[in-house]
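Q: I should like to learn how strands, cores and empty spaces are read from a set of coordinates. Please take one structure as the working case.

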Amino acid sequence: MKKRLSLFILILVSAISSLSALEPLFVETLPFNGRIPLQESFILEVTFQIPLVLSQDIAGREVQIASYDFFSNSPQIAYNMRLSPGVSTQLGSDVFAFRSITAGGLDTGNDPIPFRLIVRNEQNSQEVTNEDYRSVRKEIGVLVGSRYEEKGLIYVQFPSLNEGFDINDFSTGLYDAIILVEVLAD
């Protein structure tokens, strides 16, 4: 019985060693690639579309004018939103202001009405503004897993009575303002 077991082990060892002595005839790798395409979106929706009645009641008041919805599936890219004046007035090219216009849309040259912008994310956990009525820049996107998301609101805020706002300092007529919205990737 011991002889049979020894013979069986000898045959098994021979078989295993002959299998490991095999030489490869062909070796190749199969490249297999995949990718997740970059997806980015920024949706801006104007929420205040009726003409605003400019009266003393707007002093210090905030008016929601737009909302935004941002998405990116790339956590390696940093995003900024910049809001700046789209037209210049006598207050300067970098100051937000309603300009007095004719019915044809031409600037009358009358005193402009300054305002500041306020940008808030939907949870009101982050607010960005510029007290000097100038451009606003905000990092956008909250990292959720491996993507950035953010919903937010954009407000116009007029000077308060304490800041010297008096509607009687401005002429009657039509006013307009243009706000340039840019999303920049770093």
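A: Let us begin with strand E8 (136-140), whose side chains alternate: Val 136, Lys 138 and Ile 140 point to one face and are buried, while Arg 137 and Glu 139 point to the other and are not. Buried means under 20% relative accessible area, exposed over 50% and partly exposed in between, with a 1.4 Å probe and protein chains only. Strands (E, at least two residues) are DSSP runs numbered from the N terminus. The model is predicted: local features need pLDDT of at least 70 and side-chain atom pairs count only at pLDDT 80 or more, while totals for chains, interfaces and linings use all residues. Residues are numbered from 1 along each chain as its sequence is written, and side-chain values use heavy atoms, with hydrogens and water left out.

Q: How is strand pairing read, and how many bridges join E3 to E8?

A: Strands of a sheet pair through backbone hydrogen bonds, either parallel or antiparallel. Two strands count as paired if DSSP finds at least two bridges between them. E3 and E8 run antiparallel and are joined by 5 bridges; Tyr 79 has Ile 140 as its bridge partner in E8. E2 is joined to E1 by 7 bridges and to E10 by 10 bridges, antiparallel in the first case and in the second. Asp 69 in E2 is the bridge partner of Ile 43, and Phe 70 stands opposite Glu 150 in E10.

Q: In what order do the strands of the open sheet of 3 strands lie?

A: The order is E5-E4-E11, with antiparallel pairing. E5 (113-114) and E11 are the edge strands, each pairing on one side only. Between E4 and E5 there are 2 bridges, and Phe 98 stands opposite Ile 113 in E5.

Q: Which residues touch the most other members of the largest nonpolar core?

A: A nonpolar core is a set of buried Ala, Val, Leu, Ile, Met, Phe, Trp, Tyr and Cys residues joined through side-chain atoms within 4.5 Å. The largest one here has 28 residues, of which Leu 83, Leu 117, Ile 154 and Phe 158 touch the most other members. E2, E3, E6, E8 and E10 each supply at least two residues of this core, and E2 gives the most, with 5 residues.

Q: Is Phe 96 buried or exposed?

A: Phe 96 is buried, with a relative accessible area of 1%. This residue lies in the loop between E3 and E4 (97-101). Contact means heavy atoms within 4.5 Å; leaving aside neighbours within four places in sequence, the contacts of Phe 96 include Leu 83, Leu 117, Val 136 and Ile 179. Phe 96 and Arg 116 are 20 residues apart in sequence and 6.3 Å apart in space, C-alpha to C-alpha.

Q: How is empty space found, and which residues line the largest cavity?

A: Rolling a probe the size of a water molecule over the atoms shows where empty space is left. On a 1 Å grid over the protein atoms alone, a cavity is a set of points where a 1.4 Å probe fits but cannot get out, and a pocket is an open set with protein on both sides within 12 Å along at least five of seven lines; lining residues have an atom within 4 Å of a point. The largest cavity holds about 30 Å³ of space, and its lining includes Pro 85, Phe 96, Phe 115 and Ala 177. The largest pocket has a volume of about 520 Å³; among its 25 lining residues, Phe 48, Leu 52, Ile 65, Phe 98 and Ala 177 are the closest to its centre. A volume is the space filled by probe spheres set on the points, which are joined across faces, edges and corners.

Methods:
Helix = DSSP H or I, 4+ residues; strand = E, 2+ residues; numbered from the N terminus.
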